[in-house]
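Visitor: I am new to reading protein models, and I would like one place to be examined closely. Please choose the pocket around the bound molecule, and then follow the chain outwards from there.

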Amino acid sequence: MTDRLSERTLAALPADVARPAYARRATRLGVVHLGVGNFHRAHQALVFDDLLAAGDARWAVSGVSLRRPAMRDALAPQDGLYSVLTRDGAGTRVRVVGALRELLVAPEAPSAVIARLAAADTRLVTLTVTEKGYDETGPASAVGLLAAGLAARRAAGHGGLSVLSCDNLSHNGARLQARLRAEAAAIDPALADWIDRAVACPDTMVDRIVPATVDTDREEAARRLGVADAWPVAAEPFTQWVVERRFAGEAPPLEAAGVELVDDVAPWEAMKLRLLNAAHSSLAYLGALAGLPTVDAAIAEPRLRAFVERLWRQATATLPASVRAQAPGYAARLLERFANPALRHRLLQIAMDGSRKLPQRLVATLLEARRAGQPHDAPLLAVAAWMQFCAGRDDAGRELPLDDPLAARLRTLARAPGDALQTVRAVLAVEEVFGDAAADATLAQALADALDGLRRTGALAAIGPDGAPVALSSAASRRRPDTND
Ligand code: CS2
């Protein structure tokens, strides 16, 4: 049997494997991360690993799983060590990360999580709980644990701290702060007031493409390490973290590890959500309908690529002026990132939880562009593709999974017998996704035209060579959709 990655086998790793160049035992747990999954391990954890490597021992991470013990079970026998496989067409670089020094499983021992949040050494909390994680409340939820931890911290007199949301939501920090305040107020109004004064939730924009781990990743890690890693994580070379400069107490030295601190993250969030994530979701639904497996396969389809470029032009027109000039460069880079042949980023992974992703990725662009009288046929087709995806069959009739908090409801609505307009009216009434957009009859008709096109011709044939949706050559692509209402 092959040996396992651990403190003991660290020194014997091959020379081309990067590893912690610091004494792990001398580090202190300064960060609590809620939701320890692949994204954290390939993004924020590397920032803390860099700070530790630079000699600042305060930033080791206590990683908390909110549901299952799988991550702890995989990494505890490895002393928290794991490998990041950074991949592009040129090959794979391997780095063993040492920052994760403690792994907790909240349902098994919530009191250990609360004690860690309250500990004097804890300076920062980070979260990756996915979009739907912000809808959950109660003692077992991320905000519930945070509120309890902060109550214990207040009681211990250890002062406030900064809590960084690292999920793809607009105004993620402000949203978290509001949820946290509500949760705390239900426990004790004085706690809520203390949180207002002592806790800061800066907005952040996080960016790195990190697919789910598959067996070939484990095989490659074992080959390169010479020992087994139960849960390596593969990622693209690109990484970015932009954080609002608004901390409780002393600011953590994140800039020393490449984090960008800015006064207003909103324009960055908007650019990332409306370009990267919007294109990801569009490729996921259109590509899955067309039977394609991965992002690189989808972007290699000339029509999908032309469509994505059209989407980017239309979305860019809705961005805050401060980032609009950067958008074409960001988009050009995205084309290369999406084409990365080594990542095998599965479209069905991105397709998950569409009801929680669509509003900030596509619906906002669609509605804002409509209101401003700007072209919006691309987000329109993407939203129609999601509706068709919810019905659960690709263009060849094969079954598609629907992994979504609203799955049962969406599937029923999307499958109900009727023409495209009836389907659109039913799905458009899902307020969690569309707000009050169902009242807009013109929008419903345009979506119905797009959906009808997808149903009749399939996803690829629904897009012209210029990326324009074939069924929408009229209203939605013109500048002023309202003039012939
Ligand atoms: C993706 C994101 O799964 C998804 O919804 O769009 O996880 C995406 O890969 C990251 O936001 C990139 O920074």
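Guide: Before we turn to the ligand, one point about the whole chain: a search of the entire structure finds zero disulfides, a disulfide being a pair of cysteine sulfur atoms within 2.5 Å. Cys201, for instance, takes part in no disulfide, and the nearest cysteine sulfur, which belongs to Cys166, is 11 Å away. This is a predicted model, in which local features need pLDDT of at least 70 and side-chain atom pairs count only at pLDDT 80 or more, while totals for chains, interfaces and linings use all residues. Residues are numbered from 1 along each chain as its sequence is written, and side-chain values use heavy atoms, with hydrogens and water left out.

Now to the part you asked about. Around the ligand, where a residue counts if one of its heavy atoms lies within 4 Å, we find Asn168, Asp207, Arg208, Ile209, Lys272, Leu276, Asn277, His280, His345, Ile350, Lys357 and Arg361. Several of these residues make polar contacts, meaning pairs of N or O atoms within 3.5 Å, where within protein one atom must be able to donate a hydrogen and the other to accept it, and where residues adjacent in sequence count only if both atoms are side-chain atoms. In the side chain of Asp207, an N or O atom is 2.7 Å from an oxygen atom of the ligand, and in the side chain of His280 such an atom is 2.8 Å from a ligand oxygen. Arg208 contributes through its backbone instead, with a polar backbone atom 2.9 Å from an oxygen atom of the ligand. On its own the ligand has 350 Å² of accessible area, and the protein covers 88% of that, as computed by the Shrake-Rupley method with a 1.4 Å probe; for residues, only the protein chains shown count as cover.

One of the residues around the ligand, Asn168, leads us on to Gln360, whose side chain reaches the backbone oxygen of Asn168 at 3.4 Å. Gln360 sits in helix α16, residues 354-371; helices (H or I, at least four residues) and strands (E, at least two) are DSSP runs, numbered from the N terminus. The side chain of Gln360 also reaches the backbone oxygen of Arg356, at 2.9 Å. With a relative accessible area of 10%, Gln360 is buried, since buried means under 20% relative accessible area, exposed over 50%, and partly exposed in between, with a 1.4 Å probe and protein chains only. Apart from its neighbours within four places in sequence, Gln360 is in contact (heavy atoms within 4.5 Å) with Glu131, Asn168, Leu169, Ser170, Leu273 and Arg274.

Two loop residues deserve a careful look at their backbone angles. As a rule, most residues other than glycine have a negative phi. Thr130, in the loop between β7 (124-127) and α6 (142-156), nevertheless has a positive phi of about 65°, and at 36% relative accessibility Thr130 is partly exposed. His171 has a positive phi of about 55°; it lies in the loop between β8 (162-165) and α7 (172-187) and is partly exposed as well, at 41%.

Finally, consider the interior. In soluble globular proteins, nonpolar side chains tend to be buried together. A nonpolar core here is a set of buried Ala, Val, Leu, Ile, Met, Phe, Trp, Tyr and Cys residues joined through side-chain atoms within 4.5 Å. The largest one has 78 residues, among which Phe338, Trp386 and Phe434 touch the most other members. Helix α10 (residues 266-289) gives the most to this core, namely 12 residues. A second, separate core of 37 residues includes Ala74, Val210, Ala235 and Ala257.

Val210 also appears in the surroundings of Asn38, which, leaving aside neighbours within four places in sequence, is in contact with Val210, Pro211, Ala212, Thr213, Trp231 and Val233. Asn38 belongs to helix α2 (residues 38-42) and is buried, at 12% relative accessible area. Its side chain reaches the backbone oxygen of Pro211 at 3.4 Å. Although Asn38 and Pro232 are 194 residues apart along the chain, their C-alpha atoms are separated by 8.6 Å.
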